[in-house]
Amino acid sequence: MHQLSRIDLNLLVSLKFLLEERSVSKAAEKAFVSQPAMSKTLQRLRDLFEDELFTRTGKGLVPTPLAEDLEFPLNDVLDKVGRLVYETDFDPASVDARISIASTESIASFYIPSLVLDLQKVAPRVSLRTRNITDDHLDELRHGELDFSIYVRETQNPEFLMHELSPIGAVCYMRRDHPLAEVDFLQVDEFFRYPQVQLYLPHITDRNVELDTYLKEHGIKRSTILVTSQLMTAMEVALRSDAVFVASALLKDKPLVAARFISKALPRLPMFRNLDPRLVLIQHRRTMSSPVHNWLREQIAYMFAHPEIVSQVR
């Protein structure tokens, strides 16, 4: 305990920023200090831990093995200190925050409109920023560019918290006067007889080897005429052609979709599971002790668990 009294807690906070940013200048900006001051802090950290902690490269700072080993316990310690000092009763009405969320457009169209309207009632000073999911969304979470992403479980890395969401399912959409409109149950050959519009999913689209193998073995050809991350573009192409597309089942009750499209269950094939992934709400451990993040996570999870009352926030 006597040794702890000689440690400046700000040093540990600076180490956290250096590990997150891998840059002295960016860590200084995050800590609201000058770059020379952060350089001096880094030297103090090296003296404290008797290790270089970081080496400089053309791409920034590279942590030493000791620095990498310190990252997770350091975050846990700072989280606990933050809760010890600042934890109070959370009042969403008094919170000023800007939260960034990434998801696919078909998922966002389900929960974002209702979430925004409900936040206006109970947390009017919380502002949302949304964007399409990208290949780099985990890095964006790691570096604080995102607060949450809603996607499939892609990693077992303990620096990310994965919160299971209720399953929602995926279905096939087609225009109301499509040749398959009167078919009750789609067969595999019927489904692939018509052009496909694929909604791009990072690390999923074009990687369903099992499905590709099945189609090749059965002599079934797939005609993909468009791959896009833009839901409205996919819908417009499907409206003006015989193309079909697969998207969240949550869309089918949206007025804009229900008026122009019908939905059909996907053919029953095991390899279609990649078109119907189980979603998780992902956040970085750095926000684990944030009351507003934890509260908002609960609201989003509740919406997915109760889509029939999605316009209500508890």
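User: In this predicted model, in which helix is the place of Thr-41, and does Thr-41 count as buried or exposed?

Analyst: Thr-41 has its place in helix H3, and outside the residues up to four places away in sequence it touches Leu-11 and Ser-14. Residues under 20% relative accessible area are taken as buried. Because the relative accessibility of Thr-41 is 16%, Thr-41 counts as buried.

User: How are H2 and H3 oriented to each other?

Analyst: The axes of helix H2, residues 24–31, and helix H3, residues 35–49, come within 8 Å and cross at roughly 105°. Angles of 65 to 115 degrees fall in one class, and therefore H2 and H3 are described as roughly perpendicular to each other.

User: Which residues make that contact, and how many of them are nonpolar, polar and charged?

Analyst: From H2 the contact draws on Val-24, Ser-25, Ala-27, Ala-28 and Ala-31, while H3 contributes Gln-35, Met-38, Ser-39 and Leu-42. Sorted by class, the contact of H2 with H3 holds six nonpolar, three polar and no charged residues.

User: How many residues of strand E12 are buried?

Analyst: On one side of E12, Leu-279, Leu-281 and Gln-283 are buried, and on the other side Val-280, Ile-282 and His-284 are buried, so that both faces are covered. For the strand, which spans residues 279–284, the count of buried residues is six of six.

User: Which residue in E12 is the bridge partner of Ser-149, and which stands opposite Glu-164?

Analyst: Strand E5, residues 148–152, pairs with E12 in the antiparallel sense over four bridges, and strand E6, residues 160–164, is joined to E12 by five bridges, also running antiparallel. In E12, the partner of Ser-149 is Ile-282, and the residue opposite Glu-164 is Val-280.

Methods. Residues are numbered from 1 along each chain as its sequence is written. This is a predicted model: local features need pLDDT of at least 70, side-chain atom pairs count only at pLDDT 80 or more; totals for chains, interfaces and linings use all residues. Side-chain values use heavy atoms; hydrogens and water are left out. Axes are lines fitted to C-alpha atoms, for helices over the stretch in contact, and angles run from 0 to 180 degrees between N-to-C directions. Helices (H or I, at least four residues) and strands (E, at least two) are DSSP runs, numbered from the N terminus. Angles under 35 degrees count as roughly parallel, over 145 as roughly antiparallel, 65 to 115 as roughly perpendicular and the rest as oblique. Contact means heavy atoms within 4.5 Å. Ala, Val, Leu, Ile, Met, Phe, Trp, Tyr, Cys and Pro count as nonpolar, Asp, Glu, Lys and Arg as charged, and the others, Gly among them, as polar. Buried means under 20% relative accessible area, exposed over 50%, partly exposed in between (1.4 Å probe, protein chains only). Two strands pair if DSSP finds at least two bridges between them.
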